[in-house]
Amino acid sequence: MLPFKTLQEAESAIGRSLTTAETIWFNYSANKSDYYLYCHNILFLFLIFSCVPLYYIFLEIFFRKSIQTYKIQPKVNLSLSDVFRCYKVVMRMFILVVGPLQLVSYPSVKMIGIRTSLPLPSLWVILLQLGTYFIVEDYTNYWIHRFLHCKWGYEKIHKVHHEYTAPIGFAAPYAHWLEILILGIPSFLGPAIAPGHMITFWLWIAFRQIEAIETHSGYDLPWSLTKYVPFYGGADYHDYHHYVGGQSQSNFASVFTYCDYIYGTDKGYRYQKKVLQQLKGASNANGEQNGGSATFAKDD
């Protein structure tokens with residue numbers, strides 16, 4: 001809850017006029033407790049888990065032929081009933097684990113210094129902190145994910161998430177309850193190292209889950225903005241990890257590719273991509289020899 005009763009008090013305290021964003025934040029949060037504001041994450045996560053994967057369902061229903069070329073495992077097609085079953089399991093886990101975890105984790109968030117006060121951080125500060133959170137989470141998640149692929153970790157915990165060898169958006173948070181708790185640690189470390197504003201924390205939780213849904217979507221869409229993020233793995237990168245399944249010792253990183261490259265756990269994926277490129281080149285060459293267009297050959 002903000003310690004100001006009026007806009008004038010807030011402006012006097014920070015020594016300048018409030019920006020438009022700060023005025024909106026003041027009007028919304030002035031009489032709300034920090035705990036109430038933190039619990040907005042529950043609503044955000046529910047909306048993200050429920051709505052974002054519908055984008056890919058929409059594309060499949062109305063633009064199936066147009067996007068088929070971007071489907072990573074085109075031979076695998078789940079029915080709507082299978083998709084809904086996945087969503088029901090995710091929502092049950094959300095109600096029993098994710099929601100309660102958000103409710104009881106507020107003291108730790110308060111302890112590390114996540115604030116709701118004015119002034120709001122600048123856009124550059126928000127972007128810098130979000131970048132830090134993604135890097136910290138990715139590195140920590142990499143090692144936890146590798147642990148979950150040891151025999152005990154996989155058989156007892158991680159096997160649930162790998163039930164989908166061809167993942168879908170709704171399956172991003174589909175996991176054993178203990179895995180959900182364990183993987184909450186990497187998500188929390190970034191804000192603990194570089195604590196920011198509650199709005200930054202909201203954005204971090206939202207962007208991380210949206211990113212996870214994209215990498216589990218089963219589609220490598222060329223218009224995705226993440227294509228412009230350096231070292232970003234994406235759907236094709238993570239889909240390979242699911243395709244290989246329980247025997248996978250490749251592509252452990254959650255967001256970027258540098259950890260797998262540094263520690264040599266992307267060799268299988270890179271070899272597969274190299275072979276596919278060679279096969280594509282041979283196919284293009286044969287097509288040109290048999291009357292195919294030169295333009296097609298240049299696409300290699």
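**Exercise 1. Place Phe231 and classify its exposure.**

Is Phe231 buried or exposed, at 59% relative accessibility? Solution:
- Phe231 counts as exposed, because its relative accessibility is 59%. The cut-offs are: buried under 20% relative accessible area, exposed over 50%, partly exposed in between, with a 1.4 Å probe and protein chains only.
- Phe231 sits in the loop between H13 and helix H14 (234-244). Helices are DSSP runs of H or I with at least four residues, numbered from the N terminus.
- Phi of Phe231 is near 65°, a positive value in a residue other than glycine.

The model is predicted: local features need pLDDT of at least 70, side-chain atom pairs count only at pLDDT 80 or more, and totals for chains, interfaces and linings use all residues. Residues are numbered from 1 along each chain as its sequence is written, and side-chain values use heavy atoms, with hydrogens and water left out.

**Exercise 2. Examine two more backbone features.**

Where is Asn251, and which peptide bond is cis? Solution:
- Asn251 lies in the loop between H14 and helix H15 (258-262).
- Its phi is near 55°, positive in a residue other than glycine.
- Asn251 is buried, with a relative accessible area of 0%.
- The cis bond runs from Leu118 to Pro119, with omega near 0°. Pro119 is in the loop between H8 and H9.

**Exercise 3. Work through the salt bridges.**

How many salt bridges does a search of the whole structure find? Solution:
- The search finds nine. A salt bridge is a side-chain nitrogen of Lys or Arg within 4 Å of a carboxyl oxygen of Asp or Glu.
- Arg16 pairs with Glu22, with the closest N and O atoms 2.8 Å apart. Arg16 is partly exposed at 36%. Glu22 is buried at 2%.
- Arg270 and Asp266 meet at 3.0 Å, N to O. Arg270 is partly exposed at 38% relative accessibility, whereas Asp266 is buried at 4%.
- Shared partners join Glu137, Arg208 and Glu211 into one network of salt bridges.
- Within it, the closest N and O atoms of Glu211 and Arg208 are 2.6 Å apart. Both residues are buried.
- Glu211 and Arg208 lie three residues apart in helix H13, about one turn of the helix. An α-helix has 3.6 residues a turn, so residues three or four places apart point the same way.

**Exercise 4. Describe helix H13 and the largest pocket.**

Why is H13 largely enclosed by the rest of the structure, and which residues lie nearest the centre of the largest pocket? Solution:
- H13 (residues 198-215) has 18 residues. Of these, 14 are buried, so the helix is largely enclosed.
- From first C-alpha to last, H13 reaches 26 Å, close to the 26 Å expected. The expected span is 1.5 Å times one less than the number of residues.
- The largest pocket holds about 860 Å³ of space. A pocket is an open set of points on a 1 Å grid over the protein atoms alone, where a 1.4 Å probe fits, with protein on both sides within 12 Å along at least five of seven lines; lining residues have an atom within 4 Å of a point.
- The lining has 36 residues, with Ile180, Leu183, Gly184, Ser187 and Gln209 nearest the centre.
- H13 supplies the largest share of that lining, seven residues.

Methods
Helices (H or I, at least four residues) and strands (E, at least two) are DSSP runs, numbered from the N terminus. Grid points are joined across faces, edges and corners, and a volume is the space filled by probe spheres set on the points.
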